[in-house]
Amino acid sequence: MTITQAQIEEIIELEYNIHLFKVKSPEIANVINPGEFLNIRISDLPIPLLRRPFSVCDVEDDFFYLMFNTMGMGTKLLSLKKPGEFLDVLGPLGKGFNFKDDFDRAVIIGGGLGAAPFPFLTKMLKSKKAISTFIGGRTKSDVITYGLENISISTDDGSYGFKGNVIQLLEKDFGKINNGKLKIFACGPTPMLVGAKDFAEKNNIECELSTECVMACGFGICQGCPIQSTEDEDKYLLVCKDGPVFNSKDVVL
Ligand SMILES: Cc1cc2nc3c(=O)[nH]c(=O)nc-3n(C[C@H](O)[C@H](O)[C@H](O)COP(=O)(O)OP(=O)(O)OC[C@H]3O[C@@H](n4cnc5c(N)ncnc54)[C@H](O)[C@@H]3O)c2cc1C
Ligand code: FES
């Protein structure tokens with residue numbers, strides 16, 4: 001883990017107000033793994049006080065990419081940054097995806113901005129494993145397909161792709177992809193993660209979930225990001241340190 005001043009090389013505006021920052025930092029780009037995250041100090045001023053966590057969306061040579069949309073003050077200020085400005089970055093943090101396990105096909109499931117960590121995972125899996133990607137959103141403007149492969153799309157309102165949620169789409173198409181050993185990787189809103197976990201358990205498939213919560217320190221000191229362990233109802237894990245990626249069998253959502 002390091003704190004570094006990383007320079008924004010390029011800002012790419014994707015459709016529907018999604019920002020993609022290409023940021024130069026060999027110290028991070030050369031060591032970070034898919035699913036790990038960075039805690040970014042947005043401003044030199046005391047507001048917002050806390051750093052904001054972001055997945056690394058992709059890595060290319062000495063550069064990492066961040067993907068975000070505007071949620072509140074932190075992401076609004078971040079969206080105003082210009083190429084050449086520096087970001088104060090703490091990372092890499094957390095535990096990422098175990099993508100080198102023994103499986104034949106990665107089943108990637110993303111909901112909304114939950115697609116953010118998957119271009120990097122897709123890059124690491126490509127040419128080694130088969131990939132089937134299921135992307136869902138409430139409506140067409142929530143659907144993010146940047147950097148993904150072999151994509152099936154669902155929207156709740158039917159404005160793009162299958163009408164329904166992404167787990168229903170997976171259930172519908174399961175027969176087409178159910179060959180060899182599967183492993184699910186999911187990131188998105190909690191109801192979607194619950195659906196992915198239930199689907200995995202019902203079909204006896206290994207499943208990793210990238211969870212989210214509001215964070216403070218980002219590395220296990222403040223105890224501000226608990227998630228209940230399945231081991232014992234009194235036992236809590238920390239999303240920032242033990243996760244954000246967990247085996248679906250290890251946590252209660
Ligand atoms: C491990 C991890 C990885 C993340 N990766 C990305 C990413 O790649 N791209 C991205 O756009 N966002 C990502 N997020 C979420 C991102 O950190 C929040 O969007 C950001 O903190 C919002 O900051 P803000 O100041 O703009 O909003 P705030 O003003 O802090 O919050 C605005 C609203 O969003 C809610 N909120 C804040 N953080 C979260 C959260 N984590 N989950 C759900 N609701 C939240 C608040 O409760 C509030 O209602 C990630 C979060 C985690 C924990
Ligand atoms: S954010 Fe401080 S312990 Fe997780």
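**Two sheets, a core and a ligand**

Colleague: What makes E3 and strand E7 (residues 86–93) a pair, and do they run parallel or antiparallel?

Modeller: Four bridges join E3 to strand E7, and the two run antiparallel. A pair needs at least two bridges, so four bridges are enough to call E3 and E7 paired. Within this pair, asparagine 39 stands opposite leucine 90 in E7. The model is a predicted one.

Colleague: How many bridges join E3 to E4?

Modeller: Four bridges, again antiparallel. Leucine 38 of this pair stands opposite phenylalanine 54 in E4.

Colleague: Why is strand E3 (residues 37–41) called mostly covered?

Modeller: Four of its five residues are buried. Buried here means under 20% relative accessible area, so the description of E3 rests on those four residues falling under that cut-off.

Colleague: What is the strand order of the sheet that holds E3, and which pairing does it have?

Modeller: The order is E4-E3-E7-E1-E2-E6-E5, an open sheet of seven strands with antiparallel pairing.

Colleague: What makes strand E4 (52–55) and strand E5 (58–60) edge strands?

Modeller: Each of them pairs on one side only. Neighbouring strands of this sheet are turned against each other by 40° on average, direction ignored.

Colleague: How do you know that strand E2 (residues 18–24) and strand E6 (residues 63–68) pair?

Modeller: DSSP must find at least two bridges; E2 and E6 have six, in the antiparallel sense. They therefore count as paired. In E6, leucine 66 is the bridge partner of phenylalanine 21.

Colleague: What is the order of the other open sheet of seven strands, the one with mixed pairing?

Modeller: That order is E11-E10-E9-E8-E12-E13-E16. Its edge strands are E11 (162–163) and E16 (245–247). Strand E13 (residues 206–210) is joined to E16 by three bridges and runs antiparallel to it; leucine 209 stands opposite phenylalanine 246 there. Helix H4 (residues 166–177) packs on the sheet, and its direction makes about 155° with that of E9.

Colleague: Why is H3 said to be largely enclosed by the rest of the structure?

Modeller: Because six of its eight residues are buried. These are Phe118, Pro119, Phe120, Leu121, Thr122 and Leu125, and they pack against E5, E8, E9 and E12. H3 lies across E8, E9 and E12, at about 170° to E8. Just after H3, serine 127 takes a positive phi of about 70°.

Colleague: Which residues have the most contacts inside the largest nonpolar core?

Modeller: Met67, Ile108, Phe118, Leu121, Leu125 and Phe185, in a core of 24 residues. H3 gives the most to this core, with three residues. Nonpolar side chains tend to be buried together in soluble globular proteins. Among the residues that phenylalanine 185 touches are Phe118 and Leu121, along with Phe97, Ile108 and Glu208.

Colleague: What makes the approach of arginine 52 to ligand 1 a polar contact?

Modeller: A polar side-chain atom of arginine 52 lies 2.7 Å from an oxygen atom of the ligand. The limit for a pair of N or O atoms is 3.5 Å, so this pair qualifies. Proline 53 places a backbone N or O atom 2.6 Å from a ligand oxygen, and for a polar backbone atom of glycine 72 the distance is 2.9 Å. Both distances are within 3.5 Å, so these count too. Arg52 and Pro53 are among those that come nearest, out of 20 residues around ligand 1.

Technical notes: Residues are numbered from 1 along each chain as its sequence is written. Chains are lettered from A and ligands numbered from 1 in the order in which they are written. This is a predicted model: local features need pLDDT of at least 70, side-chain atom pairs count only at pLDDT 80 or more; totals for chains, interfaces and linings use all residues. Side-chain values use heavy atoms; hydrogens and water are left out. Axes are lines fitted to C-alpha atoms, for helices over the stretch in contact, and angles run from 0 to 180 degrees between N-to-C directions. A nonpolar core is a set of buried Ala, Val, Leu, Ile, Met, Phe, Trp, Tyr and Cys residues joined through side-chain atoms within 4.5 Å. Buried means under 20% relative accessible area, exposed over 50%, partly exposed in between (1.4 Å probe, protein chains only). Contact means heavy atoms within 4.5 Å. A residue is near a molecule or strand if one of its heavy atoms lies within 4 Å of it. A polar contact is a pair of N or O atoms within 3.5 Å; within protein, one must be able to donate a hydrogen and the other to accept it, and residues adjacent in sequence count only if both atoms are side-chain atoms. Lists of a residue's contacts leave out its neighbours within four places in sequence.
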